Amino acid sequence: MTKEQHEKYEKLSRKIAPVKKFLFWCGDRYHEERVTKYLFSIKTIGRKFALMAKRHWCTVEDNTFELPHDLQQRIVAVIEQYIDEKEKELQEI
């Protein structure tokens, strides 16, 4: 692997790490058997969206939105597809 390929690999790995962490808690794949699947909410921060796993200590604020469970499943499926594509890119490097 050349230095340029290594830098590209590291950059892509850092980009998908937080998404994989989210899927660890809320996804159907990319987690170990001992982790239960949490529901999640969307929190707006400025003009950006943040997906947050809901746990018993989370408080609902004005800029947090609850999502129906079926919509959450669709979102998780799209995110998992995105991670699959990026994982394939990493393997190609």
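Visitor: What percentage of the 93 residues of the chain count as buried?

Guide: In this predicted model, 24% of the 93 residues count as buried. The chain exposes about 7,200 Å², and carbon and sulfur atoms supply 54% of that area.

Visitor: How many helices and strands are in the chain, and in what order do the elements run?

Guide: The chain has two helices and three strands. Read from the N terminus, the order is α-β-β-β-α.

Visitor: What share of the contacts with a separation of 6 or more comes from residues 24 or more positions apart?

Guide: Such pairs account for 50% of the contacts in the chain at a separation of 6 or more.

Visitor: Which residues make up the largest nonpolar core?

Guide: A nonpolar core joins buried residues through side-chain atoms within 4.5 Å. Here the largest one has 12 residues: Leu12, Ile16, Phe22, Leu23, Cys26, Phe40, Ile42, Leu67, Val76, Ile79, Ile83 and Leu90. The elements that give two or more residues to this core are α1 (3-26), β1 (40-45) and α2 (69-92).

Visitor: Which element gives the most to this core?

Guide: Helix α1 does, with five residues.

Visitor: Let us turn to charged pairs. How many salt bridges does a search of the whole structure find?

Guide: Side chains of opposite charge can pair when their charged atoms come close. In this model the search finds two salt bridges. One of them joins lysine 20 to glutamate 87, with the closest N and O atoms 2.8 Å apart.

Visitor: Why does the pair of lysine 20 and glutamate 87 tie together parts that are far along the sequence, 67 residues apart?

Guide: Lysine 20 belongs to helix α1 and glutamate 87 to helix α2, so the pair links parts that are 67 residues apart in sequence.

Visitor: Are lysine 20 and glutamate 87 buried or partly exposed?

Guide: The partly exposed class runs between 20% and 50% relative accessible area. Lysine 20 counts as partly exposed because its relative accessibility is 28%. Glutamate 87 also counts as partly exposed, at 23%.

Visitor: Where do lysine 86 and glutamate 89 lie?

Guide: Both residues lie in helix α2, three residues apart, which is about one turn of the helix. Their side chains meet in a salt bridge, at 3.3 Å from N to O.

Visitor: Is lysine 86 buried or exposed, and how does glutamate 89 count?

Guide: Lysine 86 has 14% relative accessibility and therefore counts as buried. Glutamate 89, at 33% relative accessibility, counts as partly exposed.

Note on methods:
Residues are numbered from 1 along each chain as its sequence is written. This is a predicted model: local features need pLDDT of at least 70, side-chain atom pairs count only at pLDDT 80 or more; totals for chains, interfaces and linings use all residues. Side-chain values use heavy atoms; hydrogens and water are left out. Buried means under 20% relative accessible area, exposed over 50%, partly exposed in between (1.4 Å probe, protein chains only). Helices (H or I, at least four residues) and strands (E, at least two) are DSSP runs, numbered from the N terminus. Contact means heavy atoms within 4.5 Å. Accessible areas come from the Shrake-Rupley method with a 1.4 Å probe; for residues, only the protein chains shown count as cover. A salt bridge is a side-chain nitrogen of Lys or Arg within 4 Å of a carboxyl oxygen of Asp or Glu.
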